Amino acid sequence: MSGIVTYGAYVPRLRLPLRMISEGQPGAKQGRGKSGERSVCNWDEDVITMGVEAARDCLSGGVQDIDSVWLSSTTAPFADRQNSGVIMGALNLGESLGSQDIGGSQRAGTTALINALNMSGEAKKLVIASENRHVRAGSPHELRFGDGAAAFTTGNHDVIAEFLGCASRTMDFVDHFRASGEQDDYFWEERWIRDEGAMKIVPQTIEIALAKAGLSADEIDHAILPSPVPRLRERIAKAAGLKEEAIAPALEGTVGDTGCAHPLLMLAATLEKASPGETILVVSFGQGCDALLLRTTDALAGYAPATGVTGTVAARREISDYAKYLSFAGLIERELGMRAEGDNKTALTQAYRRRDLLHGLVGGECSACGTRQLPRTRYCINPNCRELDTQEPFCFADIPARIVTWSADHLSFNPDPPSHYGLIEFEDGGRMFANFAEVVPGQIDVGTRMRMAFRIKDFDRKRNFRRYFWKAVPEMAPSEETRDQPHG
Amino acid sequence: MAKGIKDKVAIIGMGCSKFGERWDQDTEDLIVEAFTECIADAGIDTGQIDAAWLATAKDELHSGKGGLPLSFALRLPNIAVTRVENFCASGSEALRGAAYAVASGACDIALALGVEKLKDTGYGGLPEASRGVLNSMWWANYSAPGAFAQLASAYRAKHGIDADELKRAMAHVSVKSHQNGSRNPKAHLRNIITEDTVLNAPMIAEPLGVFDCCGVSDGAACAIVTTPEIARALGKNDPVTIKALQISVSNGLESGFNTWDGSYFHTARIASKRAYEEAGVTNPRQEISLAEVHDCFSITELVTMEDLFLSEEGQSWRDYLDGFYDSDGGLPCQIDGGLKCFGHPIGASGLRMVYEMYLQLQERAGPRQVSNPTLGLTHNLGGAPHQNVCSVAIIGR
């Protein structure tokens with residue numbers, strides 16, 4: 001039986017209240033009187049880092065036997081460097097796996113999931129969809145879009161949702177496009193997208209998928225539908241004969257539309273509240289349409305990811321102001337100061353030699369004395385051991401840590417000052433002088449519990465490269481809310 | 001332990017430039033300013049110097065790396081010049097090179113000179129430095145104040161000290177140094193400040209405000225060393241001698257092994273024990289007449305007094321508030337203003353500290369002279385609390 005084995009999700013903690021958009025653009029109508037918010041990447045988050053977090057959530061139960069990692073995105077940071085390969089390194093899954101990046105359409109997420117489900121074998125596939133949506137300030141999409149990621153493993157055993165079938169149609173209906181190397185989408189008229197596009201393409205595809213699976217529309221318990229223009233889900237549902245109550249919530253007003261990741265993020269949210277034996281329809285729209293059908297199994301009742309959609313949506317913090325969002329999103333050019341002038345050229349030779357440390361946060365555990373240490377070195381760090389070449393690789397990424405020393409630095413360059421960093425100590429040994437992320441000033445002290453997160457460490461603005469490493473993030477209860485602070 | 005160099009090396013001349021924002025002076029000018037004072041004090045000719053050590057940490061100066069800048073500036077007679085670099089402890093490293101050369105008998109007379117030209121960057125604070133190809137990929141991005149501020153967080157947590165109380169003790173460290181610096185014509189900062197000024201200053205790296213941070217200065221300092229026998233032959237009958245000169249270097253334990261709590265300097269405790277042993281000091285709080293320590297930040301000075309065993313662990317903040325380290329206290333510290341006010345031209349600082357001891361021991365320190373000093377301690381630190389180079393020297397007569 002082919003199906004979904006596990007799922008996970010990640011939404012950035014930072015949220016942009018929609019009212020800030022109108023407050024930030026005097027005279028603009030965008031967002032005026034709007035309640036709700038959307039997710040926005042922090043300055044050190046992108047498709048890769050969100051994908052890593054979603055995948056960690058998806059693998060939080062200790063998934064084994066993955067033979068391939070796929071990343072779907074239309075906003076991945078690298079056009080020619082495998083983004084899924086970076087994620088794989090951060091997940092420390094080993095190097096004997098296949099991988100691929102899938103993009104080019106808002107269907108990239110569902111297409112990957114369909115392909116993975118169609119290819120199900122003994123080993124599992126890890127399918128990640130992640131999107132960091134770039135919109136111009138003042139664009140109507142600024143209100144509707146959001147950033148986020150979802151991840152699934154597919155396979156033949158222990159499935160929580162069985163794959164019932166799918167249908168795909170492809171036609172070059174250009175509701176919007178973005179040329180290679182460009183950041184911004186160019187959209188055509190919404191009425192045309194709605195009437196000539198979505199309403200003619202989507203219901204028909206759903207019909208084909210239902211027919212292939214031998215299901216009728218009213219048997220669908222959860223319908224995950226696209227809405228390339230606002231308020232389209234009800235129309236599509238009606239046209240396709242779906243029950244109105246089956247329409248899955250679209251995370252509007254909390255996350256926003258996360259592009260090709262959105263059908264998968266909505267699927268993760270749906271699985272979180274679905275009961276065994278329910279039928280789920282997942283549809284996406286983009287130069288055609290994908291529709292796939294799933295039925296939850298009894299195994300769903302015993303499964304929950306560590307955080308899930310509810311958890312990651314609840315772990316939120318309002319951004320302090322619209323200008324900060326603009327600077328994080330690269331929409332305004334800020335003065336960075338002379339301290340940001342240093343050359344952040346990355347020695348790719350060195351990065352490759354120590355890729356297990358830099359991407360996997362792999363240090364060592366001494367086979368002679370058991371001391372854990374980061375990084376892994378030739379001689380053991382324990383002064384009572386000092387054995388040579390006794391350290392076995394040990395991954396610290398999922399080990400909880402606590403702060404030993406810290407400061408909030410207003411001097412060194414950081415896109416979101418003050419820069420918090422300090423010495424952290426991992427449970428059962430090992431230390432690291434780490435940059436912190438997601439710290440609200442005044443929230444941390446010696447002893448604060450931290451978890452590690454894969455983030456952008458530095459940008460090389462000269463060569464348009466970015467390097468990643470692990471930062472320490474304060475552990476946050478799922479329901480805990482914090483307030484962001486303006487730059488002091 | 002090896003026998004060490006106690007009383008095997010005499011200092012026969014020292015010089016120090018004025019420290020500060022020397023906008024109108026090149027590195028060459030700073031070198032010459034310190035050297036001309038030093039060579040006149042020694043009463044020898046440049047041609048009598050057998051070898052030289054140059055300490056400079058940040059800038060590659062006008063001739064590039066190596067010993068050339070010193071040899072060029074002083075037109076040295078083609079003697080060996082070795083450039084040493086050990087972060088902010090570079091000046092002590094240069095003195096160590098020269099002293100060891102004399103103690104070994106390889107040289108009769110040797111020169112140690114430290115210089116730094118920091119004010120050519122266009123911004124305040126230390127110049128941004130390369131941290132190496134691998135380090136920059138995984139080690140936290142940090143600044144010097146941010147690294148040293150970490151001490152305060154751990155010291156506070158360990159000893160259960162109220163944040164405001166510790167901040168006040170730290171403020172006293174700076175108030176005292178400004179008081180002392182005001183009496184030193186060569187000091188970078190000579191203004192007298194109040195505790196309120198320190199407490200209300202803009203934050204640099206919590207809890208360090210601007211007045212918890214030392215001056216970033218241009219400057220040079222140097223020493224000429226020889227054997228006590230040659231010193232006496234040169235007419236220096238009761239020369240100042242080196243009693244101990246120890247350097248301890250971190251090996252990664254602090255930041256990698258779960259034993260260090262972040263509230264003290266692991267290396268300083270080792271270097272000071274070794275120095276006391278080399279000098280034969282058994283009760284430092286009683287025997288040391290005065291100290292010049294590496295007060296790059298107020299909290300550094302505060303915890304260092306415990307690492308030098310001059311204050312009880314967890315008590316130095318009380319000693320500061322009690323005035324024990326004031327100019328009229330039990331053990332005057334930073335009598336010349338310290339890094340805080342004399343200034344901190346990286347490569348010169350270790351030698352500047354010895355310069356002050358040299359003057360004090362000869363009762364040549366003018367209005368800031370302490371009465372009857374016999375042993376002076378210098379503590380010169382390079383790096384950051386979690387990984388550093390620590391030098392402790394004891395100078396006496």
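Pro375(A) is found in the loop between E16 and E17 of chain A. In this predicted model, the peptide bond that leads from Leu374(A) into Pro375(A) is cis, with omega near 0°. A second cis peptide bond, also with omega near 0°, joins Pro417(A) to Pro418(A). Pro418(A) belongs to the loop between strand E18 (401-409) and strand E19 (419-426) of chain A. Most residues other than glycine have a negative phi, and most peptide bonds are trans.

Backbone exceptions were also found in chain B, here in phi. Asn78(B), which is not a glycine, has a positive phi of about 55°. Its place is in the loop between helix H2 (68-74) and strand E3 (80-84) of chain B. With a relative accessible area of 77%, Asn78(B) is exposed, since the cut-off for that class is over 50%. Glu363(B) likewise has a positive phi, near 55°, and lies in the loop between helix H15 (346-361) and strand E10 (375-384) of chain B. The relative accessible area of Glu363(B) is 46%, so this residue counts as partly exposed.

The strands E16 and E17 that flank the Pro375(A) loop take part in an open sheet of 3 strands in chain A, in the order E16-E15-E17 and with antiparallel pairing. Strand E16 (372-373) and strand E17 (391-395) of chain A are the edge strands; each has a single partner strand, so one side of each lacks a neighbour in the sheet. Strand E15 (residues 362-366) of chain A is joined to E17(A) by 5 bridges, and the two run antiparallel. Within this pairing, Glu365(A) has Glu392(A) in E17(A) as its bridge partner. Strands of a sheet pair through backbone hydrogen bonds, either parallel or antiparallel.

Over all chains, the search of the whole structure gives 54 salt bridges. One of them is formed by the side chains of Arg317(A) and Glu438(A), at 2.9 Å from N to O. This pair links distant parts of the chain, 121 residues apart: Arg317(A) is in strand E14 (residues 316-318) of chain A, and Glu438(A) is in the loop between strand E20 (431-435) and strand E21 (449-460) of chain A. Arg317(A) and Glu438(A) are both buried. The two residues also belong to a network of salt bridges that links them with Asp44(A), Glu45(A), Arg455(A) and Lys471(A).

Another salt bridge in chain A is that of Lys462(A) with Asp343(A), whose closest N and O atoms are 3.4 Å apart. Lys462(A) lies in the loop between E21 and strand E22 (465-474) of chain A, and Asp343(A) in the loop between helix H10 (322-328) and helix H11 (348-353) of chain A, so parts that are 119 residues apart in sequence are tied together by the pair. Lys462(A) is exposed, at 67% relative accessibility, whereas Asp343(A) is partly exposed, with a relative accessible area of 43%.

In chain B, the side chains of Asp238(B) and Arg397(B) form a salt bridge at 3.6 Å, N to O. Asp238(B) is in the loop between helix H8 (228-233) and strand E8 (240-249) of chain B, and Arg397(B) is in the segment after strand E11 (387-396) of chain B; the pair therefore ties together parts 159 residues apart in sequence. Asp238(B) is partly exposed, with a relative accessible area of 45%, and Arg397(B) is also classed as partly exposed, at 40% relative accessibility.

The two chains meet in an interface where 44 residues of chain B are in contact with 45 residues of chain A. The size of an interface is often given as the accessible area lost when the parts come together. Between chain B and chain A the buried area is about 3600 Å², and carbon and sulfur atoms give 59% of this. Met137(B), Trp138(B) and Gln150(B) supply 21% of the area that chain B buries against chain A, more than any other three residues.

No salt bridges were found across the interface, the count by the rule being 0. Polar contacts between chain B and chain A number 23 residue pairs, with both residues at pLDDT 80 or more. On the side of chain B that touches chain A, at least two residues each come from helix H4 (135-138), helix H5 (144-159), strand E5 (203-205) and helix H9 (253-256) of chain B. H5(B) gives the largest share, 9 residues. By class, the residues of this side are 20 nonpolar, 18 polar and 6 charged.

Key. Residues are numbered from 1 along each chain as its sequence is written. Chains are lettered from A and ligands numbered from 1 in the order in which they are written. This is a predicted model: local features need pLDDT of at least 70, side-chain atom pairs count only at pLDDT 80 or more; totals for chains, interfaces and linings use all residues. Side-chain values use heavy atoms; hydrogens and water are left out. Contact means heavy atoms within 4.5 Å. Buried area is the accessible area (1.4 Å probe) that two parts lose on being put together, summed over both. A salt bridge is a side-chain nitrogen of Lys or Arg within 4 Å of a carboxyl oxygen of Asp or Glu. A polar contact is a pair of N or O atoms within 3.5 Å; within protein, one must be able to donate a hydrogen and the other to accept it, and residues adjacent in sequence count only if both atoms are side-chain atoms. Helices (H or I, at least four residues) and strands (E, at least two) are DSSP runs, numbered from the N terminus. Ala, Val, Leu, Ile, Met, Phe, Trp, Tyr, Cys and Pro count as nonpolar, Asp, Glu, Lys and Arg as charged, and the others, Gly among them, as polar. Two strands pair if DSSP finds at least two bridges between them. Buried means under 20% relative accessible area, exposed over 50%, partly exposed in between (1.4 Å probe, protein chains only).
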